[in-house]
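Dear colleague,

Please find below the structure I promised to pass on, with the sequence alongside. My notes on what turned up in it follow directly after.

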Amino acid sequence: MERFIVSILFLCIPMMLFAQILSETGRVMGVLKDQSGAVVQGGKIEIKNLDSGLTISTVTDQQGQYAFDSVPVGRYQVSAASTGFETSVRSDITITAGQETTVDVSLNISKTETLVEVTATAISSEAVVPERTRTSDVASLLDGVAGVSLYGGGGVSSLPVIHGMADDRVNVLVNGMSIQPACVNHMNPPLSYVDPANVDSVSVMAGITPVSNGGDSIGGTVTLESVSPEFAKPGQGVLTHGSISAFHRSNGIVNGGNASVSAATENFSVAYTGSYVNANNYKNGGDVIVKSTFYEATNHAVQLAARRGSSLITIDLGFRYIPQQGFVNARMDATSNNAKFANLRYDGAFGWGRLDARAYYEHTRHGMNILRDKIPGMNMPMNTRGTNSGYSVKAEILLSPHDTLRVGNEFRRFLLDDWWPPVRATVSSMGPDTLWNVRGGKRDWFGTYAEWETKRGKGWTALLGVRSDVVRMSTGNVAGYNMSTTTTGSAAYYADAMEFNSRDHKRLDSNFDLNALVRYEPDSTSSYDFGYARKTRSPNLYERYLWVKRSSMSVQMNGWFSDGNGYTGNLDLRPEVANTLSATAGWHDAARKNWELKITPYYTRVQDYIDVDRCPVIADGSSGCTAARFAATTGFVTLQFANHDARLYGVDGSGRLPLGGATKLGDFALSGVLGYVRGENLDTGDNLYHIMPLNAKLTLEHQRGNWSSAFDFEAVDANENVQAVRNELRTAGYALLNLQTSYQWHLTDRASLRLDAGIDNLGNRNYVLPLGGRYWVGDKTGSSSVPGMGRSFYGGLTFKF
């Protein structure tokens, strides 16, 4: 209670002080149009104070109009963006007290589609995500971005990897919600709870992550925001919008679609978005079916919003249902995943700055079993129930034209029950009682931070931040399928459960983070960033509280690493602490619209990195964690989470270059990204697991009127630096060609039709995924890696009205 009171005072006192120093304000308004003069509705308008960095955004209405009320006086930059258009930026807009400033903006048809910007040491980063009708996987929107790679076993959602760190090491926020996976195999990661149709923007912070962008992570932050509400202008009446989209992919016979509709008055808005997708098993480049790659998912989301002046209140409600999802690299499949959530947000701009407050609740019921592609007729149900709840309060306070203070307080609670119902009614290794994998697990995370941004001298910007996090964890006593001390297969449960239950399960971690970033912009065509960050992450519930060791059948069901091995927890795990140094050099044209080159080297040393050790052999010659017998009979091993020191280092590169001026054939440009990362366990000398090898993507872009196309060449080096302790498999290098094109018709001022088509893996290359894990479903031995998808044709239509 004392900590809570101190944190509230920490937030309120500065706000009360600076509320007394209300700056004089003005109003900004304008109209967004395309190059033909037609208005652009639903475009995103953002204004940024060039002295303080304060940023406010909105969307244009049906007439393409926008307005910002109560804007503090000063110099501003106004940027406008909309799907299918280039971002337009106007600088040095002056807002004066009591005056109305008109800023009309015109957009040109886009020459390229920027999905998301990754920043290693930037003060801020955000990009609007365009429509992509060929996928239902939100994480795929990050594909091809320098420093980011993807992996996963299920088709609904991949998991992002930033600079060699993934899963809980990456802080993923969906509309401000932190959603912990409610599954021992992490079959329901955070990005599986939203459909691309409901995504407005994605922001990625890699490497040096400011403390205001989250704690309890060491790899970076991915922030996803849904489509912002829009409102009618005064006297307009009811503003309505809608869209219908459908797509098909030939490989795997994937069919999906989504629909959205919204209605709004001047101060109230309501919107609905729904989506559905169904997929069968896909085939590799050799025309062989890759088993357990089928999936099906339905998503519903409702948004209610109200505004008054510069204050906005938004309520998001949603339901996600996944009736089945095969996992190609896991022993189990998802047989159900029912999730519902409610998310409340307040966003307000004031003379002293900005206030953002959120509260959320999410509940998931998840089921696993062994489906048809693995062992027909096998029944081994596994159930989980998880609840995520929390709040965040963030204030951005303008101290002066050159200084901004950000303070915030956050709380997250994750509750988990993981149980396996009995399969047999008699005393056996799978009955007659319920096996409790995690019982009454609770993880509370409480964080408070302060961050100061200052602009000094010509072109210099600095960002300094510190945060304090407290993590409390606990769980109840556990039990096996039966607790007999004599029945074959049961004595192991008894010994493991008694050992675990005899210990105190409560854990308390007091963590702190800090960051120091400096940016120097000597002119309008170059910038240089330098930074240091200390980031801390406490273990998750499964890493600390998995308790089965000696039962090979049960232990091999635990693990989210796609390697076929068995995992057991460690009550003595310590938080991992990462110290990162990074620098970014960037060169670009003055408008940042044509050419760009960016290079980011980085180095991270992690104290108490949570890796694994093979389970030891105890004095009587038997394995303390079944490792010897398990390895001898299956080729896999049993592993226990353990702290080690580690390091990761690498370099990211990205660039874009126009190929001459406009011609009769249209505009051409060349863009590319490159990523290299190396990870090492400093205690054992082994490599770290799941490290993406050297990779690059080169894209030839073409734009002619409403027609845009891209031809991708993607190359991935052989993965030779594999981890020995996990028996990670080596993979060969490969190269892929992909082609995509789209055309958009502006039917009326309100209606448009967009056609998307393309071919992935144009050459039908037969290859395996370097981060795909073991494909043990194919021959039941796990001796090969997961195959990639062969040639696939896709097409989609989107109608907006």
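Ser292 counts as buried, because its relative accessibility is 0% and the cut-off for that class is under 20%. The model is a predicted one, which you will want to keep in mind when reading this value and the others in this message. Ser292 is also notable for its backbone, since the residue has a positive phi of about 60° although it is not a glycine, and its place in the chain is the loop between E20 and E21.

The loop between strand E20 (268–279) and strand E21 (295–308) also holds Asp287, where phi is again positive, at about 65°, and where the residue is again not a glycine. Is Asp287 buried or exposed? Asp287 has a relative accessible area of 55% and is therefore exposed, the cut-off for that class being over 50%.

A further backbone feature concerns the peptide bond between Gly431 and Pro432, which is cis, with an omega of about 5°. Pro432 belongs to the loop that runs between strand E26 (403–420) and strand E27 (435–456).

Turning to the surface, there is a nonpolar patch of about 800 Å², made by Trp595, Leu657, Leu659, Leu670, Leu698, Leu700, Phe711, Phe713, Leu737 and Leu739. Strand E36 (695–704), strand E37 (707–716) and strand E38 (734–746) are the elements that give two or more residues to this nonpolar patch. One of the patch residues is Leu700, whose place is in strand E36; with a relative accessibility of 35%, Leu700 counts as partly exposed, because this value falls between the cut-offs of 20% and 50%.

For the protein as a whole, the secondary structure comes to six helices and 40 strands. Of its 801 residues, 58% count as buried, while the area that the protein exposes is about 30,700 Å², with carbon and sulfur atoms supplying 57% of that area. How much of the contacts with a separation of 6 or more comes from residues 24 or more positions apart? Such residues account for 69% of those contacts in the protein.

With best regards

Terms used
Residues numbered from 1 in each chain as written. Predicted model: local features only at pLDDT ≥ 70, side-chain atom pairs only at ≥ 80, totals over all residues. Heavy atoms only, no water. Helix = DSSP H or I, 4+ residues; strand = E, 2+ residues; numbered from the N terminus. Buried < 20%, exposed > 50% of the residue type's maximum accessible area, 1.4 Å probe, protein only. Contact = heavy atoms within 4.5 Å. Areas by Shrake-Rupley, 256 points an atom, 1.4 Å probe, with all protein chains shown as cover. Patch = residues over 30% accessible without salt bridge, like charges linked within 9 Å, V, L, I, M, F, W, Y side chains within 5 Å. Salt bridge = Lys/Arg side-chain N within 4 Å of Asp/Glu carboxyl O.
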